[in-house]
Amino acid sequence: MMLEHTSADTQAAAAAAATLHLRITIVGATVDLLRDVPFHEAHVGLVAERMGITTEELRQHFPSWDGLVLAALDRWNGARMDEVTREVGDGSTVELLRAIVASNAEDPALMRLLVALLSVAGNPAHPMATYLRSRYQLFYSQIKRGLEHDIAVGRAPHTMDPRRGAEQLIALYEGLQLQAMLRADLDLVPAFDRAVARLERGWMERYEPHAAQRFSTWSDGGSWEI
């Protein structure tokens with residue numbers, strides 16, 4: 001009896017391992033598909049076709065296309081972020097964002113997917129919206145905590161409010177990568193460096209609500225080039 005139980009356990013473990021391997025393979029195939037096909041054109045049938053299985057077989061493991069997309073996103077973006085984090089080490093939050101920007105510039109398919117999913121997250125009724133919004137909030141919190149640490153160790157000025165600093169850094173990151181997708185003449189990393197240099201100079205001064213109005217009347221012949 002003991003040998004029979006052992007054999008049954010071994011078979012069950014082997015079946016579970018095979019199932020896990022297949023699911024990992026499906027997620028990998030979905031990442032590859034999303035590299036090659038725009039998000040709005042991708043669907044579960046294309047993944048199944050690439051794997052040489054039926055859509056029904058694939059749906060036994062991932063009943064929801066949205067769930068499969070999120071699993072692929074976590075795999076793809078997670079691997080990228082692990083690499084970026086190792087590269088930056090104990091660097092500043094600005095250095096972390098710059099490394100993400102550089103990574104996106106090297107992998108434009110991931111950048112396009114992230115931008116597409118921001119649009120999805122903007123629709124509260126979409127099944128993926130809650131998850132995507134929670135991940136976005138985590139990203140914002142990570143940047144804010146990073147800026148708080150930078151201030152504590154003297155890498156950022158105490159005149160900068162980490163909440164506002166995080167908003168501004170993320171705005172630069174997202175806005176410039178969107179422009180890079182639409183403007184062939186924009187070199188993303190240098191553009192980010194220029195914008196951040198200006199932003200960090202502003203952080204060294206206390207915020208004045210009427211500063212924008214003051215600068216808008218500047219007419220001493222100086223240059224506005226940034």
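## Asn 77 and Ala 71 in helix α4

Asn 77 has its place in helix α4, which spans residues 65-88, in a model that is predicted. At a relative accessibility of 16%, Asn 77 counts as buried, because the cut-off for a buried residue is under 20% relative accessible area. Once residues up to four places away in sequence are set aside, Asn 77 touches Leu 110 and Leu 114.

Helix α4 also holds Ala 71, and this residue is partly exposed, with a relative accessible area of 24%. Leaving aside the neighbours within four places in sequence, Ala 71 is in contact with Val 27 and Phe 62. Ala 71 and Ile 26 stand 45 residues apart in sequence, and 9.8 Å separates them in space, measured out from C-alpha to C-alpha.

## The chain as a whole

What kinds of element make up the chain, helices or strands? There are 10 helices and 0 strands, and, read along the sequence, the pattern is α-α-α-α-α-α-α-α-α-α. The chain has 226 residues, of which 35% count as buried.

The area that the chain exposes is about 14,000 Å², and carbon and sulfur atoms supply 56% of this area. When contacts between residues at least 6 apart in sequence are considered, 61% of them join residues that are at least 24 apart.

## One side of helix α2

Which residues of helix α2, residues 44-51, are buried? They are Val 44, Gly 45, Val 47 and Ala 48. These residues cover an arc of only 160° around the axis, and therefore they lie on the same side of α2. Just after α2 comes Gly 52, which takes a positive phi of about 75°.

## Where α6 meets α7

Two packed helices are described by the angle between their axes and the distance between the axes. For helix α6, residues 108-121, and helix α7, residues 129-152, the axes come within 9 Å and cross at roughly 115°. The crossing of α6 and α7 is left-handed.

Which residues of the two helices meet at this contact? From α6 there are Leu 117, Leu 118, Val 120 and Ala 121, and they meet Ala 129, Leu 132, Arg 133 and Tyr 136 in α7. By character, the residues of the contact of α6 with α7 divide into 7 nonpolar, no polar and 1 charged. Ala 116, which is also placed in helix α6, counts as partly exposed at 22% relative accessibility. The C-alpha atoms of Ala 116 and His 40 are separated by 8.4 Å, although these residues are 76 residues apart along the chain.

## Ile 143 in helix α7

Ile 143 lies in helix α7, and it is buried, with a relative accessible area of 0%. Which residues is Ile 143 in contact with, if neighbours within four places in sequence are left aside? The contacts of Ile 143 are with Thr 93, Leu 96, Leu 97, Ala 166, Leu 169 and Ile 170. From Ile 143 to Glu 167 there are 24 residues in sequence and 8.8 Å in space, C-alpha to C-alpha.

## Gln 177 and Leu 188

Gln 177 lies in helix α8, residues 162-182, while the place of Leu 188 is in helix α9, residues 188-203. Is Gln 177 buried or exposed? Gln 177 is buried, with a relative accessible area of 3%, and Leu 188 is buried as well, with a relative accessible area of 7%.

Leaving aside neighbours within four places in sequence, Gln 177 is in contact with Asn 104, Met 111, Val 115 and Leu 188. Leu 188, not counting residues up to four places away in sequence, touches Val 101, Ala 105, Met 111, Leu 176, Gln 177 and Ala 180. Met 111 thus appears among the contacts of both Gln 177 and Leu 188. The C-alpha atoms of Leu 188 and Ala 105 are separated by 6.8 Å, and these residues are 83 residues apart along the chain.

Notes
Residues numbered from 1 in each chain as written. Predicted model: local features only at pLDDT ≥ 70, side-chain atom pairs only at ≥ 80, totals over all residues. Heavy atoms only, no water. Helix = DSSP H or I, 4+ residues; strand = E, 2+ residues; numbered from the N terminus. Buried < 20%, exposed > 50% of the residue type's maximum accessible area, 1.4 Å probe, protein only. Contact = heavy atoms within 4.5 Å. Areas by Shrake-Rupley, 256 points an atom, 1.4 Å probe, with all protein chains shown as cover. Arc of directions from axis to C-beta. Axes fitted to C-alpha atoms, helices over the stretch in contact; angles between N-to-C directions. Left-handed = near helix turned anticlockwise from the far one by under 90°. Nonpolar A, V, L, I, M, F, W, Y, C, P; charged D, E, K, R; others polar.
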